[in-house]
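Work through the exercises below with the sequence and the model open. Try each task before reading its solution.

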Amino acid sequence: MTARTKIVAGNWKMNKTVAEAVSLVEELTKELAGFSGCEVILCPPFTALTSVAKLLHSSPRIQLGAQNLHPALQGAFTGEISAAMLREAGCRFVIVGHSERRRYFGETDAFLREKLLAAVAAGLRPIFCVGEELPDRESGRWPAHLRSQIQGVLHGLPVDVLSAIVLAYEPIWAIGTGRNARPEQAQEAHALLRKEIERLHGTAVAARMCIQYGGSVTPQNARELLSQPDVDGLLVGGASLNARSFTSILLSVQ
Ligand code: PEP
């Protein structure tokens with residue numbers, strides 16, 4: 001079996017001013033001095049990226065990610081940020097296809113595909129999110145939904161793009177609700193996603209791909225979720241906004 005390095009990311013969403021971000025990162029870097037259990041990624045809002053990047057210089061285990069990008073190289077896209085700008089700000093990762101982007105900003109599979117290509121071309125690793133709504137979970141249609149999200153965006157992408165991607169399974173019914181997927185539900189979905197990647201892109205790419213779980217992860221449920229064979233990391237929202245809870249999640253990684 002391929003050993004996959006675990007990757008835990010904190011998605012701060014639209015939280016933390018620059019001053020608050022700096023104070024959180026100062027606490028985290030203190031708590032995590034010497035920590036080597038997994039790769040850690042912090043995804044602050046755009047405005048805090050450069051300040052956080054400066055603080056992370058001396059913490060090579062903690063890397064910087066952004067929450068979004070625009071696929072164009074430059075131009076008349078008011079309010080948007082390009083992949084090159086994120087790289088310049090110190091990012092190594094970028095979240096693509098979060099359900100909040102799909103739901104509130106109407107992002108389509110075709111647009112997300114462009115974002116993945118632009119991110120990898122600029123040297124960023126995308127954290128690509130997929131996940132089903134509650135009715136799909138309850139009616140048993142979730143496997144078809146996940147397969148269609150994978151096919152719709154990842155079908156036919158070049159292998160260098162696929163190899164750069166971290167996949168995140170984020171059931172929408174679990175995001176910010178306090179109701180996480182049970183470990184066995186997460187495992188079943190992750191195994192299905194890996195099978196789908198294997199069908200589209202072969203065994204080697206699928207075996208290497210890091211698949212994170214996201215949705216109401218807490219210090220209490222992190223260890224059990226991470227104990228599943230196909231759960232290779234976590235994408236954490238609310239619990240990443242506090243140094244103590246995020247550190248305690250990170251310490252769950254074996
Ligand atoms: C998220 O939005 O990516 C997320 C997983 O949020 P939460 O952990 O708060 O459910």
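**Exercise 1: N11 and W12**

N11 is buried, having 26 other C-beta atoms within 10 Å. The model is a predicted one, in which local features need pLDDT of at least 70, side-chain atom pairs count only at pLDDT 80 or more, and totals for chains, interfaces and linings use all residues. Residue numbers start from 1 along each chain as its sequence is written.

Task: find where N11 and W12 are placed, and state whether W12 is buried or exposed.

Solution.
- Step 1. A residue is buried if 20 or more other C-beta atoms lie within 10 Å of its own, exposed if 12 or fewer, and partly exposed in between, with C-beta atoms placed from the backbone.
- Step 2. N11 belongs to strand β1 (residues 7–11). Helices (H or I, at least four residues) and strands (E, at least two) are DSSP runs, numbered from the N terminus.
- Step 3. W12 sits in the loop between β1 and α1 (18–31).
- Step 4. W12 has 22 C-beta neighbours inside 10 Å and counts as buried.
- Step 5. Two residues are in contact if their C-beta atoms, placed from the backbone, lie within 7 Å. Not counting residues up to four places away in sequence, N11 touches C43, Q67, I95, L235, V236, G237 and S240. With the same exclusion, W12 touches C43, P44, P45, S240 and L241.

**Exercise 2: the annotated sites**

Task: which residues does UniProt list for "binding site", and why do they gather at one spot?

Solution.
- Step 1. The unreviewed UniProt entry lists N11, W12, K13, G176, S216, G237 and G238. UniProt positions are in the numbering used here, feature names are shortened, and annotations may be inferred rather than shown by experiment.
- Step 2. These residues span 228 residues in sequence, yet no two of their C-alpha atoms are more than 14.0 Å apart, so they gather at one spot.

Task: which residues does the annotation "active site" cover, and where do they lie?

Solution.
- Step 1. In the unreviewed UniProt entry, the annotation covers H98 and E170. They span 73 residues in sequence, but their C-alpha atoms are no more than 8.3 Å apart, so they gather at one spot.
- Step 2. H98 is in the loop between β4 (93–96) and α4 (99–105), and H98 is buried, with 26 other C-beta atoms within 10 Å.
- Step 3. E170 is in the loop between β6 (166–169) and α9 (183–201); with 25 C-beta neighbours inside 10 Å, E170 counts as buried too.
- Step 4. Leaving aside neighbours within four places in sequence, the contacts of E170 are S99, C129, G131, I175, G214, G215 and L235.

**Exercise 3: helix α12**

Task: which residues of α12 are buried, and what covers them?

Solution.
- Step 1. In α12 (residues 243–250) the buried residues are F246, I249 and L250.
- Step 2. These residues cover an arc of only 100 degrees around the axis, which puts them on the same side of α12. The arc is that of the directions from the helix axis to the C-beta atoms.
- Step 3. An α-helix has 3.6 residues a turn, so residues three or four places apart point the same way.
- Step 4. The cover includes β1, α1, β2 (39–43), α11 (222–226) and β8 (233–236).
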